[in-house]
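Please look over the model below before reading on. My points follow it, in brief.

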Amino acid sequence: MVKDVQWFVGIDWATRSHCVCLLDAEGRPAGQRDFAHGGAGLTELCDWLVEKTKAAPGQIAVAIETPHGPVVEMLLEHGFMVFAINPKQLDRFRDRFTVAGAKDDRRDAHVLGSSLRTDCAAFRQLAADNPLVIELREWSRMAEELQQERTRLANRLRQQLWRYYPQAAKLTDDVADDWFLALWQKVPTPDSAAKASDKAIARILSAYRIRRLDAATVLKTLRETPLLVAPGTTEAACVHIRSLAARLRLVNQQIKEAQHSLDRLCAKLEEQESPAGQNPEQCDVAILRSWPGIGRIVLATLLVEATEPLRRRDYHALRALAGVAPVTRQSGKQRFVIRRLACNRRLQSAVHHWSRGALQYDAAARRRYDALRQRGHGHARALRGVGDRLLFALCATLKHQTPYDADHNSAKISAAG
């Protein structure tokens, strides 16, 4: 992988400046400098490496802790070979150079460059992502953050209703929905509910296409015996809810925009795929879409959080990154197999929900789940087992460039078990 490399570079990145250490093929230091973070500083870094080594960028390997960001993008754009490593692994490599626990930027840069020269297998080579994948990654993470914000605001709104208007919360499990916010705005207090007309409530339900409730049922619920609260409590809670409702409307709108963008970008990626086989822009969206349990959110998360393992069809890297591969600890007569905690949390969540969905639509996944439960495993452990087999079968379909087939993939999952 690095047979043509003649120079090794370690970069200890920071917010304001980056410490760079240059080593030759024998591990001897050839230069060390700090470069300011910015367009001029990073350009100077690239020029300094080429000038100092008199080598082509493709013959210079660079080690860095972070797998993304402007430093990585600038180096890849200039043609350097860039490798990333987990900070925990770097901490173990640091023990080679000092047993006292000393740490500074210059030492870390030297450790990175030297470790890349001697232990390249511990590093992961980076490649420039498809621009659409970069944009999709941002929208995917924004969608998750917005959903978390929506949940936080909804919990606060429900707590305020509990203070003075608990009967309103009985109408729905999702108090952050737009229709409920519009209903609350029309009847924000028990007194206003007593004066509201059926027609006014019916117009709100009709506008938001709510068919499981009718105006009579809504008003009957809202007119239940109200709480007796201290003077000023109702007014204070309404002020708080009015602020929460304004933020929730904005978050709901942004979530819809994010979901639309996820669909649009995935469709563009699918258009780039070659029906004849793999090409550099192939993202295998059509194959991923064909799997039961993979919807909009799971599809986007798989594409952006597991780009490299999917591109390489690397099942072992994929299962470790998703947290479904167990960890074995053995010493002498003792042997423990435990859950993997070091993983990509977003990918772990996506595979978890994929497994849950697959139980409803895939007979092989259901059989695998039932077999694990019969062996005494808990629900979460059984779902991880299902996710592990789904990833195995997914990599097989990606290698053969074939979409999901219930009969064929059932045999693969059974064989993998």
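The numbered points cover the sheet, the helices packed on it, and two helix residues.

1. This is a predicted model, so read each point below with that in mind. Start with the sheet. It is open and has six strands, ordered E3-E2-E1-E4-E5-E6. The pairing is mixed.

2. Which strands stand at the edges? They are E3 (29-36) and E6 (124-125). Each has a single partner strand, so one side of each lacks a neighbour in the sheet.

3. Strand E4 (residues 60-64) and strand E5 (residues 81-84) run parallel. Four bridges join them. Within this pair, Ala 63 has Phe 83 of E5 as its bridge partner.

4. Two helices deserve a look here. Helix H1 (residues 39-53) packs on the sheet and touches E1 (7-12), E2 (17-24), E3 and E4. The direction of H1 makes about 165 degrees with that of E3. Helix H4 (residues 105-118) also packs on the sheet, with E1, E2, E3, E4 and E5 touched. The direction of H4 makes about 145 degrees with that of E1.

5. Is Asn 252 buried or exposed? Asn 252 lies in helix H10 (residues 233-272). Its relative accessibility is 7%, below the 20% cut-off, so Asn 252 counts as buried. Beyond neighbours within four places in sequence, Asn 252 contacts Arg 150, Ala 176, Asp 177, Asp 178 and Leu 181.

6. Ala 194 sits in helix H7 (residues 190-195). With a relative accessible area of 53%, over the 50% cut-off, Ala 194 is exposed. Lys 220 is 26 residues from Ala 194 along the chain, and their C-alpha atoms are 9.5 Å apart.

Conventions
Residues are numbered from 1 along each chain as its sequence is written. This is a predicted model: local features need pLDDT of at least 70, side-chain atom pairs count only at pLDDT 80 or more; totals for chains, interfaces and linings use all residues. Side-chain values use heavy atoms; hydrogens and water are left out. Buried means under 20% relative accessible area, exposed over 50%, partly exposed in between (1.4 Å probe, protein chains only). Contact means heavy atoms within 4.5 Å. Two strands pair if DSSP finds at least two bridges between them. Axes are lines fitted to C-alpha atoms, for helices over the stretch in contact, and angles run from 0 to 180 degrees between N-to-C directions.
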